[in-house]
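Work through the following exercises with the sequence and the model side by side, and try each task before reading its solution.

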Amino acid sequence: MTAFASAPGAPPPIVSAPRSAAGRPPPPHPPSPSPPSPPPPAAASRRTQAERQVLRRGRGTYPDPPPPGTVCVPGKDAPFPQGKLSPKEQLDSVIADIAAQQALKVPPPGTEVPPPPLVSPPPPPPPPPSATVLQGREGDVVDDSGLSLADTDAAADAAAPPAACAKCGVSTAAGQLDDGGGLCSLCYAAIYLVGSGRGLVAAPAGEQEVSPQGEFMAPSSTGVDTPVVATGGLAASSGDGGSGGGDNMVGADPAILAAMAAAATAVRGPTPPPPPAVPGGWRLAASDRSRATVNPIRNLVQGIGGSPNPEKELLDLSVGDPTVYGNLRVPDEVLDAAVSILRGRQHNGYAPSFGLLAAREAVAARYTTAAAPLTPEDVVMTVGTSGALELAIGAVANAGQSVLMARPGFPLFRTLAEGMGVRVATYDLLPDARWEVDLDSLAAAVDDTTAAIIVNNPSNPCGSVYSAAHLAAIAAVASAARLPIIADEVYAGMAFEGVPWTPLSSVSGDVPVLTVGGLSKQSVVPGWRCGWLLLHDAGGVLTASGVRAGVRALTTRMMAPHRPTQALVSTLLSNAPVIVGARRDLLRTLADHAAFAVSALSGVPGLTVLPAEGSMYVMVRVDCAALGLADDSAFVAALRSEESVFVLPGACFDAPGYVRLVFCAPRGVLSEAFARMRAFCVRRVAGGVRGGGG
C-alpha cells in the first residue's frame, strides 16, 4: 500500500510507480500534439497523475486552513500507515478515507459510513471581488500561491488550448482529456472503463481492481442499463499509484455519466437484468458471469421448442458429433487398449496439471515441423479443444480487451471470451472466394484493445481449408499489428483429397502462435474430452511476455484431462496400420458425403451449396424471400416442423441467410434428408405451406 507522512519531520510521501504489465496497461495513445502556446503561470502548472494521487489521498480535516505545502491526512494517522494491516484495519482505513473526502469528518475506526450519493455538490457562493478564489475543499493542499488543487488545475486547464482526442480526433478542452493518453471521456470509457462484469468502473487507466469497500452502485443515475461503479476518490487498489479516479465521477454531470455508460453498453452490450429475489431472504443470486454466458448452438439444440413432424423420423444434421449415428467409429484395437489401461490401475491418480509427459511427447512428435519445431515443453494437455481455447484466450487477454474472430465463425469463441469479460470483434470471410479471410477487413478490425486474432482452419462452420499462401498473408497482418494468433486446428489434417493442409505455425514467420487441437474429431471420440495447446514461440515472445508461464499457471485451476485418455494419446496419434487406416477411411467417407451434399441439393430452388474442402460441414445459402420465410431461423423452424430435418441457422455463426449442414451421418440418412429439403423448397416456391412430401 502507498504510505503517507503523518507527522512533522516525517519522510515525504511514497508514491508507487505506474502499474506495469502485471496490471492493466497504461493508455496506448500518446497525447495528440497541439500548437505551441505560452506556458501558464507557475501557480497554475498542471500536476502529474502521481502528484494528484498523493494530494487526493491526503485530504483530511483541520480546524484551520493548513500552511502552504502541507499534505493533509485524515485524523491523526495516515489512512494507510507503513507496514501490513489486518483486513479489518484495511477496511477501517478505507472507511476513514471515504469519510474524510465526502463528509470531512473521520468517525472512530469500525464505524459504518454510508456511501456518498452520485450527485453534484451545490455550487460555492460567489466570492467578494477582492478575495482569492478557492475552489477546493477544506483540507486540500495549499501551495505557495495560496491556491488549492482545484484552483491550480482549473487555471492550467483554462490556459491550455483545445486538443484533439488521440482516438476519435474530436477537438476537446485540454482539461477534459485523460492525462496519460489524451483521450476524451467517451473513448476513455470505451477502452478502459469497460470490462468489469458489473459495468462501467470509475478507475484510472492504470487500475484494474476496485476495493469492494469503496464501491457503490448507481444504475438508475444514468438512465441506461450499464451500472456505474464509483470509487469515491479511492485509489482502486492498494499498493499501486495513479490518481483517485472516483473524484472524476462523484459529483460529475449526470449527462456525462449517461454518455459514458451508453458508450460502455455499445461496446460490450447491455448488462444482464438483475436476478429475481429469492424467497426466504437468502443472500443468493446467480453470478453475472453465469447469466451472461450464451452458447447459441447448445441453447438452440438443447432448448428448441415446437415439435417435428410426428409422421416422419427426425433426421438431425445439426451438431458436429461424428458418433451420433454410429457409422463412424474408433477402432476396436483402441477400445482394447483403453480397457487394458483401466485394468492396469496405473492411471487412477492425478496427472500433472499440464499433462502426462508421454501424451505431450506424442502430440509434439505428431505436429512438429521444420519451420515450427515442438518439444514436450511446448505442449499443454487440456479438457478438450474448448478447454485449450479457454486457456489460450485467458492467457493473452484481460477483461476489457478484445479478440478477433471470423464472421461466419464458431460461436464458442465468443462464449468463452465474453465469459472472461473479453470483448469479441469480427473480421469478414469471403463466401465466393472459398471463404478466405478478407484481409482488409481483418486489418481494419484491429484496434488498441485487440489482444489476439483467432483463425479457424479447417473451418467450422464453412468447411474451408486455407492455402499456405493465404495463411502467410493472414500472419503478415498479425505481424504488422504485433499480435499473436490463436489457431483453432481441431480439424488438423482433415482436408479432402487434392486439398493440402498447412499448419498456420509453419508459415507464421515472427508471429507467436497458440495452436489448439484435440482427439474429438480426427479420432471420433468427442466424449473423451482430450485436447491440447501448442506454444509456437517465435522469437521467444511467449516466454519473454510471460504468456508461457501464464499458461502453466492457468492449468492449475482445472488440472489436466482424464488421465486414462491421456495414456491413449500415443496410440491414437501413432502411425500404427490400424490407426492410419482409420484416418484414411474417415477422410474418404467425409469427402464422399461432402460431394454428395453438393450434388443432391443442386438445383433446389432457394438453396445454393458452397462446396466444402475439409472438416465435417457445409454452408448453404438460403433465399428466404423466394421461400416465403423471414430469415434463416424461420427456415430451420419450418423445415423441422414440416419435414423433421434439423439443421442450424446461420444466425448461430453470425451468418444470416445461411444454414449449416453436418454431413457425418450415413449416406442413406443424408439422402433422405436432402430429398425432404428439396420437397420442402419446391413446395414453398410453388406457394404451398405444408405437405407430406419426402
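**Exercise 1: a lysine in a loop**

A polar contact of 2.5 Å joins the side chains of lysine 312 and glutamate 643, where a polar contact is a pair of N or O atoms within 3.5 Å, of which, within protein, one must be able to donate a hydrogen and the other to accept it, and residues adjacent in sequence count only if both atoms are side-chain atoms. The model is predicted, so that local features need pLDDT of at least 70 and side-chain atom pairs count only at pLDDT 80 or more, while totals for chains, interfaces and linings use all residues. Residues are numbered from 1 along each chain as its sequence is written, and side-chain values use heavy atoms, with hydrogens and water left out.

Task: establish where lysine 312 lies and whether lysine 312 is buried or exposed.

Solution. Begin with the position: lysine 312 belongs to the loop between helix H7 (296–303) and strand S6 (315–316), helices (H or I, at least four residues) and strands (E, at least two) being DSSP runs numbered from the N terminus. Next, take the accessibility: with a relative accessible area of 15%, lysine 312 is buried, a term that means under 20%, whereas exposed means over 50% and partly exposed lies in between (1.4 Å probe, protein chains only). Finally, look along the chain: serine 644 is 332 residues apart from lysine 312, yet their C-alpha atoms are separated by 6.1 Å.

**Exercise 2: a residue in strand S6**

Task: describe the exposure of aspartate 316 and its separation from alanine 673.

Solution. Aspartate 316 is found in strand S6, and its relative accessible area of 28% makes this aspartate partly exposed. The C-alpha atoms of aspartate 316 and alanine 673 are separated by 8.7 Å, although the two residues are 357 apart along the chain.

**Exercise 3: the enclosure of strand S13**

Task: explain why strand S13 (residues 513–518) counts as largely enclosed, and find which strands pair with S13.

Solution. First count the buried residues: 6 of the 6 residues of S13 are buried, so the strand is largely enclosed by the rest of the structure. Then separate the faces, bearing in mind that in a regular strand the side chains alternate between the two faces of the sheet. Val513, Thr515 and Gly517 are buried on one side, and Leu514, Val516 and Gly518 are buried on the other. Last, follow the pairing, for which DSSP must find at least two bridges between two strands. Strand S12 (residues 485–488) runs parallel to S13 and is joined to it by 4 bridges, with alanine 487 and threonine 515 as bridge partners. Strand S14 (residues 531–536) runs antiparallel to S13, with 6 bridges, and here valine 516 has leucine 533 as its partner.

**Exercise 4: an open sheet**

Task: give the strand order of the sheet that contains S15, and say which strands are at its edges.

Solution. The order is S15-S16-S19-S18, 4 strands in an open sheet with antiparallel pairing. Strand S15 (607–610) and strand S18 (648–649) are the edge strands, each of which pairs on one side only. Between S15 and strand S16 (residues 617–622), which run antiparallel, there are 4 bridges, and valine 609 stands opposite valine 620 in S16.

**Exercise 5: the length of helix H17**

Task: compare the expected and actual span of helix H17 (residues 577–601).

Solution. The expected span is 1.5 Å times one less than the number of residues, so the 25 residues of H17 should span 36 Å, and the end C-alpha atoms are 36 Å apart, which agrees. Just after H17, glycine 603 takes a positive phi of about 80 degrees.
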